[in-house]
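Trainee: Could we go through this model together? I would like to see how each label is justified by its value.

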Amino acid sequence: MKRSYISLWLLLLAAFGVVAGVSCLDEVRIIGHTLKKASFKEELTHHDPIVPDKPLFIPDTTPAVTIPLSRFPVPVDTASKTILFFGDSMLEGLSPRLAAYCEASGHRLYTVIWYSSTTQVWGDCDTLSVFIRRYKPDYIIACLGANELFVRDIPTKRKKPFEHIISQIGDRPILWIGPPNWKEDTGINDFISSSLDEGEFFLSDGMTFERKKDGAHPTAVSASLWMDSVARWMPGHCAHPIRLDTPVREKGRPERVILLQPL
């Protein structure tokens with residue numbers, strides 16, 4: 001009886017071996033018929049891919065791109081300031097409107113107008129230091145350059161005077177209002193802009209002004225609008241923005257206005 005079972009198992013194993021062997025062949029034909037391939041070969045030879053415990057590191061070959069971060073806008077300094085506003089005759093139109101802003105914002109304004117002055121006039125003396133010591137400003141605003149629109153070789157002729165102006169100002173925050181060009185200048189705007197830090201120069205060239213009969217000075221109304229433009233520009237573009245609330249009054253009065261005559 002045991003021999004019968006053994007014979008039966010041997011027969012089954014032999015049959016399985018034949019079927020497995022045939023299945024490993026690419027194609028089997030019997031009497032003109034093609035037998036369908038079994039999947040034994042695929043199952044016996046198939047290997048699942050090895051998945052690592054951690055993702056494979058693929059180096060990033062994309063070139064690095066540096067995106068510069070803008071330093072603006074700078075937070076507005078809301079503290080009350082003592083402001084010294086100095087420059088040439090353009091201050092006649094700007095100062096009353098700036099005084100109105102200062103009255104609305106809690107600032108004290110001192111204005112020094114030096115008629116026909118230039119960066120060289122202010123830079124060849126220590127007059128600015130005298131008023132800084134007198135009024136102890138913690139913020140400086142300048143408007144100079146209108147009398148230098150057509151001076152040639154500005155960087156060479158004005159470098160030392162300009163540096164002396166800046167040295168007198170020291171580390172006090174400054175805003176320089178550029179001249180209201182009525183014609184193309186020979187370099188004064190570029191010179192002042194490049195000599196100051198970013199956000200310390202307001203470019204007035206390119207603005208539209210109504211002029212007085214001399215063709216150079218903006219009218220009182222136009223000068224007020226000019227100052228309004230500076231106030232609107234300040235929060236988003238100035239390196240040292242201060243509080244300048246929109247005034248109810250059209251004009252204000254500085255604490256004091258000092259007039260200096262031409263040399």
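Trainee: Where does Lys136 lie in this predicted model?

Mentor: Lys136 lies in the loop between α5 (residues 127-135) and β5.

Trainee: Why is Lys136 called exposed?

Mentor: Its relative accessible area is 61%. Exposed requires a value over 50%, so Lys136 qualifies. The backbone deserves a look too: Lys136 has a positive phi of about 50 degrees, although it is not a glycine.

Trainee: Which other residue, not a glycine, has a positive phi?

Mentor: Asp153, with phi near 55 degrees. Asp153 sits in the loop between β5 and α6.

Trainee: What makes Asp153 count as partly exposed?

Mentor: The relative accessibility of Asp153 is 44%. Buried would need a value under 20%, and exposed one over 50%. Because 44% falls in between, Asp153 is partly exposed.

Trainee: Is Asp205 buried, exposed or partly exposed, and how do you know?

Mentor: The answer is partly exposed, because its relative accessible area of 35% falls between the 20% and 50% limits. Asp205 is found in the loop between β7 (201-202) and α8.

Trainee: What does Asp205 touch, leaving out residues up to four places away in sequence?

Mentor: Its partners are Pro179, Asn181, Asp185 and Asn189. Take Asp185: it is 20 residues from Asp205 in sequence, and their C-alpha atoms are 9.1 Å apart in space. The contact itself rests on heavy atoms within 4.5 Å.

Trainee: On to the helices. Why is α6 called oblique to α7?

Mentor: Helix α6 (residues 154-169) and helix α7 (residues 188-195) pack at about 45 degrees, with their axes 10 Å apart. Roughly parallel needs an angle under 35 degrees, and roughly perpendicular runs from 65 to 115. An angle of about 45 degrees fits neither, so α6 is oblique to α7. The crossing of α6 past α7 is right-handed.

Trainee: Which residues make the contact of α6 with α7?

Mentor: From α6 there are Ile154, Pro155, Arg158, Lys159 and Phe162, while α7 brings Ile188, Phe191, Ile192 and Ser195. By class, the contact has 6 nonpolar, 1 polar and 2 charged residues.

Trainee: What makes a set of residues a nonpolar core?

Mentor: The residues must be buried, of nonpolar types such as Leu or Trp, and joined through side-chain atoms within 4.5 Å. The largest such set here has 29 residues, and Leu175 and Trp226 have the most contacts inside it. Elements that each supply at least two residues of this core include β3 (82-87), α3 (91-105), β6 (174-177) and α8 (220-237). In soluble globular proteins, nonpolar side chains tend to be buried together.

Trainee: What does Trp226 touch, again not counting residues up to four places away?

Mentor: Among its partners are Met90, Leu94, Cys143, Ile177, Phe202 and Phe209. There is also a second, separate core of 28 residues, which includes Leu84, Tyr135, Ile169 and Leu260.

Trainee: How do you know that the peptide bond joining Phe72 and Pro73 is cis?

Mentor: Look at omega: its value is about 0 degrees for this bond. Pro73 has its place in the loop between α2 (40-45) and β3.

Trainee: And the chain as a whole: how many helices and strands does it have?

Mentor: The protein chain has 8 helices and 8 strands. Buried residues make up 41% of its 263 residues.

Methods. Residues numbered from 1 in each chain as written. Predicted model: local features only at pLDDT ≥ 70, side-chain atom pairs only at ≥ 80, totals over all residues. Heavy atoms only, no water. Buried < 20%, exposed > 50% of the residue type's maximum accessible area, 1.4 Å probe, protein only. Helix = DSSP H or I, 4+ residues; strand = E, 2+ residues; numbered from the N terminus. Axes fitted to C-alpha atoms, helices over the stretch in contact; angles between N-to-C directions. Left-handed = near helix turned anticlockwise from the far one by under 90°. Nonpolar A, V, L, I, M, F, W, Y, C, P; charged D, E, K, R; others polar.
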